[in-house]
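Trainee: I would like to learn how labels for parts of a structure are justified. Could we go through one together?
Mentor: Gladly. Ask me how each label is earned, and we will check it step by step.

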Amino acid sequence: MKLRDSLTDVDVSLALCAQTAPEFYFPEGTAGSITRQSLNAKALCFECPIISSCFESAMETNWLEDWGIWGATTRHERADMRRKPFLLKEHRENIREALRAQQIEGEAA
Ligand code: SF4
């Protein structure tokens with residue numbers, strides 16, 4: 001599992017990345033390959049029930065291993081969001097929408 005100890009407020013067993021290969025969230029290879037892997041990982045993050053805690057924890061702690069995909073963001077995207085509040089606000093809204101969609105899907109199931 002790749003999750004960090006700082007994620008104490010959620011059930012980390014729900015993390016979708018814990019159910020996949022951790023390296024999926026630390027893409028390597030050529031630029032095209034990295035982009036493709038990142039997009040796939042971020043798409044899965046938006047289906048993850050703990051995305052909000054994961055993302056906020058990554059933003060708050062500026063984790064030492066700031067590399068990789070956390071809460072549907074890359075290291076560079078998180079750096080941009082630290083400098084540009086409108087990007088942070090936009091991502092938080094995307095997370096809220098994703099969680100609403102998960103809730104609707106859960107109710108329909
Ligand atoms: S949001 Fe993404 S990186 Fe965070 S726990 Fe969920 S699947 Fe893992």
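Trainee: Which residues come nearest to the ligand?
Mentor: Ala15, Cys17, Cys45, Cys48 and Cys54 come nearest, out of 14 residues around the ligand. Keep in mind that this is a predicted model.

Trainee: What makes the shell around the ligand nonpolar, polar or charged by class?
Mentor: Count the classes: the shell has 13 nonpolar residues, 1 polar residue and no charged ones. Ala and Cys both count as nonpolar. As for the helices, α1 and α2 each supply at least two residues of that shell.

Trainee: How many helices and strands does the chain have?
Mentor: There are 4 helices and 0 strands. Read along the sequence, that gives the pattern α-α-α-α.

Trainee: How do you know what span to expect for α1?
Mentor: The expectation is 1.5 Å a residue, and for the 15 residues of α1 (31-45) it comes to 21 Å. From first C-alpha to last, α1 reaches 21 Å, close to that expectation. Try α4 (residues 85-108) as well: its 24 residues reach 35 Å, close to the 34 Å expected.

Trainee: Which residues of α1 are buried, and what makes them line one face?
Mentor: The buried ones are Ser38, Ala41 and Cys45. Seen down the axis of α1, they fall within an arc of 70 degrees, so they line one face of the helix. There is a general idea to remember here. An α-helix has 3.6 residues a turn, so residues three or four places apart point the same way.

Trainee: What is on the other side of α1, and what covers the buried residues?
Mentor: Gly32, Ser33, Leu39 and Ala43 are exposed on the other side. The cover over the buried residues includes α2 (51-61).

Trainee: Why is Trp70 called buried?
Mentor: Trp70 has 29 other C-beta atoms within 10 Å, and the cut-off for buried is 20 or more. Therefore Trp70 counts as buried. Trp70 lies in the loop between α2 and α3 (75-83). Leaving aside neighbours within four places in sequence, Trp70 is in contact with Cys54, Phe55 and Ala58.

Trainee: Why is Pro22 called exposed?
Mentor: Pro22 has 12 other C-beta atoms within 10 Å, and a residue with 12 or fewer is exposed. So Pro22 meets the cut-off and is exposed. Pro22 lies in the segment before α1. Pro22 and Gly68 are 46 residues apart in sequence, yet 9.8 Å apart in space, C-alpha to C-alpha.

Trainee: Why is Thr74 called partly exposed, and Thr73 buried?
Mentor: Thr74 has 19 other C-beta atoms within 10 Å. That lies between the two cut-offs, 12 or fewer for exposed and 20 or more for buried, so Thr74 is partly exposed. Thr73 has 24 such atoms within 10 Å, and is therefore buried. Thr74 sits in the loop between α2 and α3, and so does Thr73.

Trainee: What do Thr74 and Thr73 touch?
Mentor: Not counting residues up to four places away in sequence, Thr74 touches Ser38 and Ile69. On that basis Thr73 touches Phe55, Arg78 and His91. The C-alpha atoms of Thr73 and Ser38 are separated by 8.6 Å, although these residues are 35 apart along the chain.

Trainee: What makes the phi of Ala72 worth noting?
Mentor: Phi of Ala72 is near 65 degrees, a positive value in a residue other than glycine. Most residues other than glycine have a negative phi. Ala72 also lies in the loop between α2 and α3. With 22 C-beta neighbours inside 10 Å, Ala72 counts as buried.

Trainee: What makes α4 hardly covered?
Mentor: The count of buried residues among the 24 residues of α4 is 1. Across the 109 residues of the chain, 21% count as buried.

Trainee: Where is confidence lowest and highest?
Mentor: Confidence is lowest in α1, at a mean of 89, and highest in α4, at 96. The mean pLDDT of the chain is 87, and 89% of its residues reach 70 or more. Where pLDDT is low, the predicted coordinates should not be read in detail.

Notes:
Residues are numbered from 1 along each chain as its sequence is written. This is a predicted model: local features need pLDDT of at least 70, side-chain atom pairs count only at pLDDT 80 or more; totals for chains, interfaces and linings use all residues. The expected span of a helix is 1.5 Å times one less than its number of residues. The arc is that of the directions from the helix axis to the C-beta atoms. Two residues are in contact if their C-beta atoms, placed from the backbone, lie within 7 Å. A residue is near a molecule or strand if its C-beta atom, placed from the backbone, lies within 6 Å of it. pLDDT is the predictor's confidence in each residue, from 0 to 100.
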